[in-house]
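Work through the exercises below with the sequence and the model open. Each task is followed by a solution in steps.

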Amino acid sequence: MTSRERESTAPAKDAGLAPDAGFAQYLAAPEGPEAPAGHVGPDVPIHAVTADGRHGPVTIRIYGEAPRRAGPALVWLHGGGFVSGGLDMPESDYLGRVLASSGTPVLSVDYRLARDGVHFPVPHEDALTAWFWTRRNASGLGLDPELLCLGGAGAGGNLAVGAALYLTDAGKPVPAKLLLAYPFLHAELPPPAEGLDEEVMATLPRHLRFTPEDCVRNAENYIGGPVSMASSYAMPGYADPSGLPPTAIVACEYDDVRGSSELFAANLERAGVPVSFFLARGAVHGHLNHAAGSPQSRPVLEFLARELATAGSRAPISIE
């Protein structure tokens, strides 16, 4: 057991909460609620490989060709509350196509979902399986292993940070940079620093909300028990982030989870970890999936592309 693999400091939630409609929507549809169609994205070379993991094979879909000169690449983990989503969702496929078309290969990971008896640490270990496979095979793929980045959206952001914490504790090579889009890092949501516009939030469809009740139920389902049981690798927002690599974080203006990103960014800054923080104005949680190809998603993808291009440098803290 490494130093961070201990009980989370998150307080336990009342087990008597009524079932929540938002979590039920995700649980009912493995592909995620109302995932849009039609945003195919740029035409880039795509092929799949299989990595052997502790829990069986893990599929990794590789977007883009080997660059002429070995450079950064991104190992990416989709979101979906740990219970939905996959390689074909826009948050995974469209993002992979766009970033690969800009010159950075993307390796998208088909980790096991927390359904049908699957719980932590299975998705966490699938993420590590993909990371170790990519490190071992980077040179053969024309990639620089020292410039490999790791990231994800929502629950995938959680998996990325949890994997990076493990790598730090285990003395293994860490990513050159973490790239996180509206990550779900705390079982119980810290409030956003400047609050939320409740009038706007009230107009959002239920599937675009990710309420405190949703977060607790997603965490409990992922962990397989109360949140007080969570390892710091399962709910990494409660861990000491010292030793993590430079981190780029996208938060959304109209997102119940925004406070999780803000608190994590502040903790990174206190720990001396370089942070780039981008607030996507007008955006909602999951917008890289629900609004893929829209004008709202373009600034976020451009931010991620810029951050990838500077992988390996310890840039100063920046806020956008």
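Buried means under 20% relative accessible area, exposed over 50%, and partly exposed in between, with a 1.4 Å probe and protein chains only. The model is a predicted one: local features need pLDDT of at least 70 and side-chain atom pairs pLDDT 80 or more, while totals for chains, interfaces and linings use all residues. Residues are numbered from 1 along each chain as its sequence is written, and side-chain values use heavy atoms, without hydrogens and water.

**Exercise 1. Aromatic pairs**

Task: Classify the pair F82 and Y222, and state whether the two residues are buried or exposed.

Solution.
1. Rings of Phe, Tyr and Trp (its six-membered ring) pair if their centres lie within 6.5 Å; planes under 30 degrees apart are stacked, over 60 edge-to-face, and the rest tilted.
2. The whole structure holds six aromatic pairs by this search.
3. For F82 and Y222 the ring centres are 3.8 Å apart and the planes meet at 5°, so this pair is stacked.
4. Helices (H or I, at least four residues) and strands (E, at least two) are DSSP runs numbered from the N terminus.
5. F82 sits in the loop between β3 (73-77) and α2 (93-101), and Y222 in helix α6 (residues 212-223), so the pair ties together parts 140 residues apart in sequence.
6. Both F82 and Y222 are buried.
7. F82 and Y222 also belong to one aromatic cluster with F120, F184 and F210.

Task: Do the same for Y166 and Y233.

Solution.
1. Y166 and Y233 are edge-to-face, at 5.9 Å centre to centre and 80° between the planes.
2. Y166 is in helix α4 (residues 155-170) and Y233 in the loop between α6 and β7 (247-254), 67 residues apart.
3. Y166 has a relative accessible area of 26%, so it is partly exposed; Y233 has 2%, so it is buried.

**Exercise 2. Helix α7**

Task: Check the length of helix α7 and find what covers its buried residues.

Solution.
1. The expected span is 1.5 Å times one less than the number of residues.
2. Helix α7 (residues 258-270) has 13 residues and should span 18 Å; its end C-alpha atoms are 19 Å apart, which agrees.
3. Its buried residues are R258, G259, S260, S261, F264, A265, N267 and L268.
4. Contact means heavy atoms within 4.5 Å. The cover over these buried residues includes α4, β6 (178-181), β7 and β8 (275-284).
5. Just after α7, G272 takes a positive phi of about 80°.

**Exercise 3. Two small residues**

Task: Describe the surroundings of A160 and G282.

Solution.
1. A160 lies in helix α4 and is buried, with a relative accessible area of 0%.
2. Leaving out residues up to four places away in sequence, A160 touches L77, L150, G151, G152, L178 and L180.
3. G282 lies in strand β8 and, at 42% relative accessibility, is partly exposed.
4. With the same exclusion of residues up to four places away, G282 touches E253 and Y254.
5. The C-alpha atoms of G282 and C252 are 7.3 Å apart, with their positions 30 residues apart along the chain.

**Exercise 4. Confidence**

Task: Which stretches have pLDDT below 50?

Solution.
1. pLDDT is the predictor's confidence in each residue, from 0 to 100.
2. The chain averages 87, and 85% of the residues score at least 70.
3. Residues 1-23 are below 50, with 51 contacts beyond near neighbours in sequence.
4. Residues 315-319 are also below 50, with nine such contacts.
5. Where pLDDT is low, the predicted coordinates should not be read in detail.
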